[in-house]
Amino acid sequence: AQESGLRAGTENVAGAMGMAAAADICLQRMTPGYRRQMCGRRLRLISGLQEAGGVEVNVTGPVLAETVSVRFSGIRGDTLADALDLHGIYVSTGSACHAGQDSVSHVLTAQGLGEVDARSAVRFSLGPEVSDADIDRVVAVTTHAVERLRRTAGVVGAPR
């Protein structure tokens with residue numbers, strides 16, 4: 001009857017200590033202005049990416065400032081992720097709980113996206129080490145990659 005019928009085992013002391021250390025590091029980085037800083041960087045990223053045209057933010061709110069999920073019309077997310085990877089920019093397609101799967105993300109379809117839109121989703125993640133200069137570089141490289149991919153795909157008159 002103890003532990004809902006499950007047999008108790010050795011506690012994961014090393015895991016608990018690791019979690020405590022990670023929590024300490026997080027608390028040290030969460031300065032009083034951290035939340036405001038992340039919100040500002042998120043907005044900087046979104047407004048910069050919108051320069052490419054045909055950009056839709058997948059989730060508008062409430063959101064964590066550290067993640068931005070967008071889609072670019074006429075481009076598959078996995079193709080864009082590969083193009084950005086060549087420049088040392090690492091993004092994810094779909095949602096965090098969908099990583100490593102080739103099927104359409106159930107999270108994005110639950111938000112009302114069809115298969116084509118869900119497959120064009122790209123998720124950018126921000127952290128305390130990301131600077132405004134980093135965001136400006138990501139925006140410049142992403143905008144250039146989107147324009148090149150649209151030209152290659154023959155997407156004429158891509159929205160601006």
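These legends accompany close-up views of helix H6 and its surroundings in a predicted model.

**View 1. The whole chain, as a setting for the close-ups.** Let's begin with the overall layout: the protein chain holds six helices and four strands. Read from the N terminus, these elements follow the order α-α-β-β-α-β-α-α-β-α. Of the 160 residues in the protein chain, 32% are buried. Among contacts with a separation of 6 or more, 67% join residues that lie 24 or more positions apart.

**View 2. Helix H6 from end to end.** Helix H6 covers residues 132–153, which is 22 residues. With 1.5 Å for each residue, H6 should span 32 Å, and the 31 Å between its end C-alpha atoms agrees with that. Just after H6 comes Gly 154, whose phi is positive at about 75°.

**View 3. The buried residues of H6 and what they pack against.** Which residues of H6 are buried? They are Ile 135, Val 138, Val 139, Val 141, Thr 142, Thr 143, Ala 145, Val 146, Leu 149 and Arg 150. Two helices and two strands receive them: helix H2 (34–49) and helix H3 (77–85), along with strand E2 (67–72) and strand E4 (121–125).

**View 4. Thr 142, a buried threonine in H6.** Thr 142 belongs to helix H6. Its relative accessible area is 1%, so Thr 142 counts as buried, the cut-off being under 20%. Leaving aside residues up to four places away in sequence, Thr 142 touches Leu 49, Phe 72, Leu 80, Leu 84 and Phe 124. Leu 80 and Leu 84 are among the H3 residues that meet H6, while Leu 49 is one of those in H2 that do so.

**View 5. Helix H3 crossing helix H6.** Here the axes of H3 and H6 are 10 Å apart, and the two helices pack at an angle of about 125°. How are H3 and H6 oriented to each other? They are oblique, because an angle of this kind falls outside the roughly parallel, roughly antiparallel and roughly perpendicular ranges. The crossing is right-handed. On the H3 side, the residues in contact are Thr 79, Leu 80, Ala 83 and Leu 84; on the H6 side, they are Val 141, Thr 142, Ala 145, Val 146, Arg 148 and Leu 149. Sorted by class, this contact of H3 with H6 comprises seven nonpolar, two polar and one charged residues.

**View 6. Helix H2 alongside helix H6.** The axes of H2 and H6 cross at roughly 20° and come within 9 Å. Angles under 35 degrees count as roughly parallel, so H2 is roughly parallel to H6. H2 makes a right-handed crossing with H6. From H2, Arg 41, Arg 44, Leu 45, Gly 48 and Leu 49 take part, and they meet Asp 132, Ile 135, Asp 136, Val 138, Val 139, Thr 142 and Thr 143 of H6. This contact of H2 with H6 divides into five nonpolar, three polar and four charged residues.

**View 7. Leu 45, a buried leucine in H2.** Leu 45 sits in helix H2. Is Leu 45 buried or exposed? With a relative accessible area of 2%, Leu 45 is buried. Not counting residues up to four places away in sequence, Leu 45 touches Val 68, Phe 124, Leu 126, Ile 135, Val 138 and Val 139. For Val 68, which is 23 residues from Leu 45 along the chain, the C-alpha separation from Leu 45 is 8.2 Å.

Technical notes. Residues are numbered from 1 along each chain as its sequence is written. This is a predicted model: local features need pLDDT of at least 70, side-chain atom pairs count only at pLDDT 80 or more; totals for chains, interfaces and linings use all residues. Side-chain values use heavy atoms; hydrogens and water are left out. The expected span of a helix is 1.5 Å times one less than its number of residues. Buried means under 20% relative accessible area, exposed over 50%, partly exposed in between (1.4 Å probe, protein chains only). Contact means heavy atoms within 4.5 Å. Axes are lines fitted to C-alpha atoms, for helices over the stretch in contact, and angles run from 0 to 180 degrees between N-to-C directions. Angles under 35 degrees count as roughly parallel, over 145 as roughly antiparallel, 65 to 115 as roughly perpendicular and the rest as oblique. A crossing is left-handed if the near helix is turned anticlockwise from the far one by less than a right angle, and right-handed if clockwise. Ala, Val, Leu, Ile, Met, Phe, Trp, Tyr, Cys and Pro count as nonpolar, Asp, Glu, Lys and Arg as charged, and the others, Gly among them, as polar.
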